[in-house]
Amino acid sequence: MTATATPVCTSASTAAVYPSFTSYVRARGAVLQRTARSLTSNPCDAEDLLQTALTKTYLAWDRIEDHRALDGYVRRALVNTRTSQWRKRRVDEFPCEDLPERETTPAPDPSEQQALRDAMWRAVHRLPDRQRAMVVLRYYEDLTEVQTAELLGVSVGTVKSAVSRALGKLREDPELARAA
């Protein structure tokens with residue numbers, strides 16, 4: 001009669017019982033890693049996913065009858081594990097009985113915006129010709145002070161002072177103040 005020692009920790013002694021698992025992981029690890037990577041968006045998550053699937057495979061190693069179908073078994077473990085992770089993901093939204101109030105300001109009335117544009121254009125037309133030309137070139141045509149000065153044949157300082165006076169007149173225009 002021979003006595004066999006029963007290990008206290010069965011998981012520690014199973015590595016010697018299944019030496020082909022290690023060789024399988026070494027041979028197919030890169031392929032399985034690519035499969036795991038295609039299931040996740042992060043390489044670190046893919047490594048964790050593969051490790052979990054291989055752990056499940058290792059625990060079921062003695063129940064797998066056809067070792068030629070191991071890739072299919074591990075792929076199914078990868079997909080099932082990923083699906084379980086996806087289902088267990090944390091939800092940041094919680095249903096409640098009352099809807100929160102919207103804190104948006106109402107959109108401005110398009111007719112009011114058009115009335116303001118019309119009032120602005122009438123106020124620009126009331127400016128003296130030279131000031132009106134400079135305001136139109138600077139703000140409606142979006143030219144720089146230098147470009148406006150070159151186009152009108154005046155100095156940049158003249159453009160600055162004339163535009164400043166024109167903007168002052170527009171600020172004081174009573175019709176424009178009522179429209180705003």
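**View 1. Trp 121 on the surface of the predicted model.**
Trp 121 counts as partly exposed because its relative accessibility is 38%. The structure shown here is a predicted model. Trp 121 belongs to a nonpolar surface patch, together with Met 120, Tyr 139 and Tyr 140. The patch covers about 400 Å². Two elements each give two or more residues to this patch: α5, residues 110-125, and α6, residues 129-140.

**View 2. Trp 121 and Tyr 140, ring against ring.**
How are the rings of Trp 121 and Tyr 140 arranged? They form an edge-to-face aromatic pair. Their centres lie 5.0 Å apart, and the planes meet at 75°. The pair links distant parts of the chain. Trp 121 sits in helix α5 and Tyr 140 in helix α6, with their positions 19 residues apart in the count. Tyr 140 has a relative accessibility of 42%, so it counts as partly exposed.

**View 3. The buried side of helix α6.**
Which residues of α6 are buried? They are Gln 131, Met 134, Val 135, Leu 137 and Arg 138. These buried residues pack against two other helices, α7 (145-152) and α8 (156-172). A general point about helices helps in reading this view. An α-helix has 3.6 residues a turn, so residues three or four places apart point the same way. Just after α6, the backbone at Asp 142 takes a positive phi of about 60°.

**View 4. Arg 138, a buried charge.**
Arg 138 lies in helix α6. This residue is buried, yet it has no salt bridge. Which side chain of opposite charge is nearest to Arg 138? It is Glu 145, at 4.2 Å. A salt bridge needs a side-chain nitrogen of Lys or Arg within 4 Å of a carboxyl oxygen of Asp or Glu, so the distance of 4.2 Å does not qualify. Glu 145 is still among the residues that Arg 138 touches. The others are Leu 143, Thr 144, Thr 148 and Val 163, leaving aside residues up to four places away in sequence.

**View 5. Phe 21 and Trp 61, a buried ring pair.**
How many aromatic pairs does a search of the whole structure find? The search finds four. One of them joins Phe 21 and Trp 61 in an edge-to-face arrangement. The centres are 5.2 Å apart, with 85° between the planes. This pair, too, links distant parts of the chain, 40 residues apart. Phe 21 is in helix α2 (residues 19-39). Trp 61 is in the loop between α3 (43-59) and α4 (70-87). Are these two residues buried or exposed? Both are buried. Ring pairs extend the picture to a cluster of Phe 21, Tyr 24, Tyr 58 and Trp 61.

**View 6. The whole chain, for orientation.**
The protein has nine helices and zero strands. Read along the sequence, the pattern is α-α-α-α-α-α-α-α-α. Of its 180 residues, 23% count as buried. The protein exposes about 13,800 Å², and carbon and sulfur atoms supply 54% of that area. Now consider contacts between residues at least 6 apart in sequence. Of these, 54% join residues at least 24 apart.

Note on methods: Residues numbered from 1 in each chain as written. Predicted model: local features only at pLDDT ≥ 70, side-chain atom pairs only at ≥ 80, totals over all residues. Heavy atoms only, no water. Patch = residues over 30% accessible without salt bridge, like charges linked within 9 Å, V, L, I, M, F, W, Y side chains within 5 Å. Areas by Shrake-Rupley, 256 points an atom, 1.4 Å probe, with all protein chains shown as cover. Helix = DSSP H or I, 4+ residues; strand = E, 2+ residues; numbered from the N terminus. Buried < 20%, exposed > 50% of the residue type's maximum accessible area, 1.4 Å probe, protein only. Contact = heavy atoms within 4.5 Å. Lys, Arg positive; Asp, Glu negative; His and termini not counted. Phe/Tyr/Trp six-rings, centres within 6.5 Å; stacked < 30°, edge-to-face > 60°.
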